[in-house]
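Biologist: Please give a close account of a single part of this chain, and then set that part within the rest of the structure. I should like each step of the reasoning to be stated for a first-year student.

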Amino acid sequence: MAAISTDIIAFAFVGVAKRQALGRVRTSFVSLPRRRWNTSSSSASYSLRPCRAPTSMALARWTTPAVGSTRRSFSASAATEEGSDVSTKVPPDNRIPATIITGFLGSGKTTLLNHILTADHGKRIAVIENEFGEVDIDGSLVASKSTGAEDIIMLNNGCLCCTVRGDLVRMIVELVEKKRDNFDHIVIETTGLANPAPIIETFYAEDKVFNDVKLDGVVTLVDAKHAGFHLDEEKPKGVVNEAVQQIAYADRIIVNKTDLVGESDISTLIQRIKNINRMAQLKRTEYGRVDLDYVLGVGGFDLERIESVVNAEESNEDHSKHEHDHDHSHHNDHHHDEHDHKHEHHDHSHAHDHTHDPGVSSVSIVCEGNLDLEKANMWLGTLLMERSDDIYRMKGLLSVDGMAERFVFQGVHDIFQGSPERLWSPEEPRVNKIVFIGKNLDAQELEKGFKSCLL
Ligand SMILES: Nc1nc2c(ncn2[C@@H]2O[C@H](COP(=O)(O)OP(=O)(O)OP(=O)(O)O)[C@@H](O)[C@H]2O)c(=O)[nH]1
């Protein structure tokens, strides 16, 4: 790792800026030296140990696309600073959307899937169902093909995030090649012990998948009654707590089985979930009954939706559509003082640091001013170089000095995607917003590092 220059990321940002000066920009897609996921399936809790791919291979991958490489690139037309009135836009993306439904054992994944398949939404859905063991139980529990799923494909010989990742790629490719016209959306239900990270990575790392399918969102079911226990579970060193990971990577969180617990338990759980992941929207349900647009068409990895995420900050729980009746008193029922929960408000910036739940937390930085591009490149490059294992997800909207457009980006570990977006409007304050979700994040350090890049 140490041998790799931080110029790698610098190339990404600066590359965008240079192309922009020429009047054309391209969504940059950068994968830093990538992990390989080794699987140890000898224990019940499938541990994933990242190890580094050889540097040269990783560099070749993104700096100079191999001859014959078929990775699709997304180009966007941008307004030039010389006065074109065409707004910069993140380019349209018409790949097939795919949704990952995850959540701990028994949290209600199949129940939600059935709700999706039996609802009247007009979408034709292909389902990839992953289950341990030879006997396909969930498959028989999933609403039958006649209810709308064009295809239900079972993956029974292991867990998607580890042993059968290759099968996932093959199945997606086959679906696209043979049945592209038969469905509009792919839904993947993971096992209850899946770590979503390697599954997410599949959508970026595999050209054959990336070119035709885009990850729309990660939907995580949380069992209102039992989740606390699983979140508390201490794992051996180096083994992930799947329940925490599933929440950390989510775009949408569904706190299910709320009929089984009281209001104060739900409130405590929700606060705990938000401390892990404050980017995701959250809903409480019984039997997975949510509006379908809450779980399909999420755009959780779309650059053009970054703003709504980084603006959402504190209140990501959708109170308007609770499917239960209560007096919403949990708003005032948060036990912040029970946690190591620091807020800082000064000079238009603030950071949140919650240091419980195996060290997984969210940190937000909101800060007015223009960034020095070189410094920002160096800072983010170094950060990802050193900490990409710990940075699960990040999204940001940046004001770069000399750039007429807002720069939006999102990342999952060492995968980084960024692009100039629309023009800053004249009356709009140029405010930078970044949200990180990850392990052992130091809010003060991140904020200090970021602010050092401001002019
Ligand atoms: N009381 C109650 N039971 C529920 C709710 N949602 C689901 N269940 C029941 O919980 C059990 C497990 O639900 P599933 O949908 O199979 O959960 P899953 O996450 O797919 O389970 P695994 O595949 O084992 O990980 C089933 O008996 C469901 O009927 C709910 O909101 N309330």
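**One leucine and its setting**

Modeller: L383 is located in helix α12, which covers residues 373-387. The model is a predicted one. The relative accessible area of L383 is 10%. A residue counts as buried when this value is under 20%, and therefore L383 is buried. Which residues does L383 contact, once its neighbours within four places in sequence are left aside? They are S388, I391, F436 and L446. A further relation links L383 to G449: 66 residues separate the two in sequence, while their C-alpha atoms are 9.2 Å apart in space.

One of those contacts, I391, leads to a wider group. I391 belongs to a nonpolar core of 26 residues, and M394, V400 and C453 are also among its members. This core lies apart from the largest nonpolar core of the chain, which has 63 residues. Within the largest core, the residues with the most contacts are I172, I186, I200, F203, V213 and I253. Helix α5, residues 165-179, supplies the largest share of that core, namely 7 residues. I172 offers a detailed view of the packing: leaving out residues up to four places away in sequence, I172 touches I128, I186, I188, F203, V209 and V213.

Helix α6 should be considered next. How many of the residues of helix α6 are buried? The count is 10 of the 10 residues, 196-205, so this helix is largely enclosed by the rest of the structure. I200 and F203 are among the buried residues of α6, as are P196, P198, E201 and Y204. I200 and F203 also appear among the residues with the most contacts inside the largest core. At the N-terminal end of α6, N195 acts as a cap: one of its side-chain oxygens lies 3.1 Å from the backbone nitrogen of A197.

Helix α10 allows a check of geometry. The helix has 14 residues, 263-276, and at 1.5 Å a residue these should span 20 Å; the C-alpha atoms at its ends are 20 Å apart, so the two values agree. Its buried residues include I266, L269, I270, I273 and I276, and also the residues S267, Q271, K274 and N275. The backbone oxygen of I276 lies 3.0 Å from a polar atom in the side chain of S362. S362 itself is placed in strand β15, residues 360-368. With a relative accessible area of 0%, S362 is buried. The loop between α10 and β12 (281-284) contains R278. R278 has a relative accessible area of 7% and is buried. R278 and V309 are 31 residues apart in sequence, and their C-alpha atoms are 9.1 Å apart in space.

Two loops deserve attention for their backbone angles. H413, in the loop between β17 (405-412) and β18 (415-423), has a positive phi of about 50° although it is not a glycine. H413 has a relative accessibility of 4% and so counts as buried. N440 belongs to the loop between β19 (431-439) and α13 (443-451). Its phi is near 50°, again a positive value in a residue other than glycine.

The ligand forms another part of the picture. It is surrounded by 16 residues, of which the closest are K109, T110, T111, D259 and Y287. Helix α3, residues 109-118, gives the largest share of this shell, 3 residues. Which distances describe the polar contacts of ligand oxygen atoms? One such atom is 2.7 Å from an N or O atom in the side chain of K109. A polar backbone atom of G108 is 3.0 Å from an oxygen atom of the ligand, and for a polar backbone atom of K257 the distance is 3.2 Å. Taken alone, the ligand exposes 650 Å², and the protein buries 71% of that area.

Finally, the chain may be viewed as a whole. Its secondary structure comprises 13 helices and 19 strands. Of its 455 residues, 59% are buried. Among contacts with a separation of 6 or more, 75% join residues that are 24 or more positions apart. The chain exposes about 18600 Å², and carbon and sulfur atoms supply 51% of this area.

Conventions. Residues numbered from 1 in each chain as written. Predicted model: local features only at pLDDT ≥ 70, side-chain atom pairs only at ≥ 80, totals over all residues. Heavy atoms only, no water. Helix = DSSP H or I, 4+ residues; strand = E, 2+ residues; numbered from the N terminus. Expected span 1.5 Å × (residues − 1). Buried < 20%, exposed > 50% of the residue type's maximum accessible area, 1.4 Å probe, protein only. Core = buried A, V, L, I, M, F, W, Y, C linked by side-chain atoms within 4.5 Å. Contact = heavy atoms within 4.5 Å. Near = heavy atom within 4 Å. Polar contact = N/O pair within 3.5 Å; in protein donor to acceptor, adjacent residues only side chain to side chain. Areas by Shrake-Rupley, 256 points an atom, 1.4 Å probe, with all protein chains shown as cover.
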